[in-house]
Amino acid sequence: MYHQGDYEIIFCTKGPLYIQVGTTQYVLNANDVLFIPPYTNMFGYRLSTNPVNFYWLHFFAKHEHSFLEDQELSANLSAIASGSFASSINDKVILPDFFHVNEAGKILIFINQVLDVANSYRYSEQENDYLVTVFLIELSNTYLMQLSANQHFRSNKVDKIKEWIRANLSEDLTVEEVARTFQLHPDYLTRLFKRYTHRTTLQFINELKIETAKVLLLRTNLTVSQIASHSYFIDEKNFMRRFKKMTGLTPTEFRNAYIHTHLNNPRIDPKIPLPTQLEKRMDIKRNI
């Protein structure tokens, strides 16, 4: 079928249901929602071997739909979770083309209310419009809250991974080892890190090592070679190359440029993991 300016919502209660919209194929199972925009071809691309059940709803909108960038939606998720919607999405019904509803009870109640009103002569067109609008808002809110909860879960997971890396920092710590510990694929782990920390997993590991080196440069009399070893770098050459790339200075230049500022402001000491055997060295230098 072809949509002549109308939108359609399909809510599946028993699947699988095989629907193609344009060139994209979907498999709908229980509690899956498919959103179909106007002027779109759709058809069933495969027979279902068992009986299927689903609701569908056609409606027209006063305004044309627009596409929301992932970055804009992501930036508003924390406000969504707290109930304080950001102004940029405050007056919008936001729906993806396809998603799964975790708890379908309220959605089913709204759908049946819409059906009851649509089949009754007791209500006006304005009342029908109102109920459909309320249903769409509820569907949108369900999607946004689920999305926000998923993002919060992933963010917490990244925090746990970061803490584990800090506690297990070593010269041979690899992205593969981190991923294996948390039963993740290394590529997925890196995508997760980049999304929530704006850096790759390897960049985060190297940053921790460099921060360790900074403290040792400012608070001990260790040589650059010794600091490279205590900062979990395999060799001095690799350490110096990465240090210069991340700070713009060589280790010696950094020590000479910042040591006095640092010693006069002990509160800015970064909270990072340091080798236990170096604590006495730092205490001695601090007292001196």
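## Who Asp6 touches

Let's start with Asp6 and the company it keeps. Setting aside residues within four places in sequence, Asp6 is in contact with Ile36, Pro37, Pro38, His58, Phe59 and Phe60. Keep in mind that this is a predicted model. Along the chain, you'll find Asp6 in the segment before strand E1, which covers 7–14.

What does the side chain of Asp6 reach? One partner is the backbone nitrogen of Gln4, at 3.0 Å. Another is His58: the two side chains share a polar contact of 2.7 Å. Asp6 is buried, yet it has no salt bridge. The nearest side chain of opposite charge belongs to Lys62, and that is 18 Å away.

## Asp32, another buried Asp

Now hop over to Asp32, which sits in strand E4 (residues 32–36). Asp32 is buried and has no salt bridge. Which side chain of opposite charge is nearest to Asp32? That would be Arg46, 13 Å away.

The side chain of Asp32 does have a polar atom 2.8 Å from the backbone nitrogen of Asn29. Leaving out neighbours within four places in sequence, the contacts of Asp32 are Ile10, Phe11, Cys12, Val27, Phe98, Phe99 and His100.

## A pocket to look for

The second largest pocket holds about 200 Å³ of space. It is lined by 15 residues, and those closest to its centre are Leu17, Ile19, Met42, Gly44 and Phe54. Which elements give two or more residues to this lining? They are E1, strand E2 (17–21), strand E5 (42–44) and strand E6 (53–59).

How values were computed: Residues are numbered from 1 along each chain as its sequence is written. This is a predicted model: local features need pLDDT of at least 70, side-chain atom pairs count only at pLDDT 80 or more; totals for chains, interfaces and linings use all residues. Side-chain values use heavy atoms; hydrogens and water are left out. Helices (H or I, at least four residues) and strands (E, at least two) are DSSP runs, numbered from the N terminus. Buried means under 20% relative accessible area, exposed over 50%, partly exposed in between (1.4 Å probe, protein chains only). Lys and Arg count as positive and Asp and Glu as negative; His and the chain ends are not counted. A salt bridge is a side-chain nitrogen of Lys or Arg within 4 Å of a carboxyl oxygen of Asp or Glu. A polar contact is a pair of N or O atoms within 3.5 Å; within protein, one must be able to donate a hydrogen and the other to accept it, and residues adjacent in sequence count only if both atoms are side-chain atoms. Contact means heavy atoms within 4.5 Å. On a 1 Å grid over the protein atoms alone, a cavity is a set of points where a 1.4 Å probe fits but cannot get out, and a pocket is an open set with protein on both sides within 12 Å along at least five of seven lines; lining residues have an atom within 4 Å of a point. Grid points are joined across faces, edges and corners, and a volume is the space filled by probe spheres set on the points.
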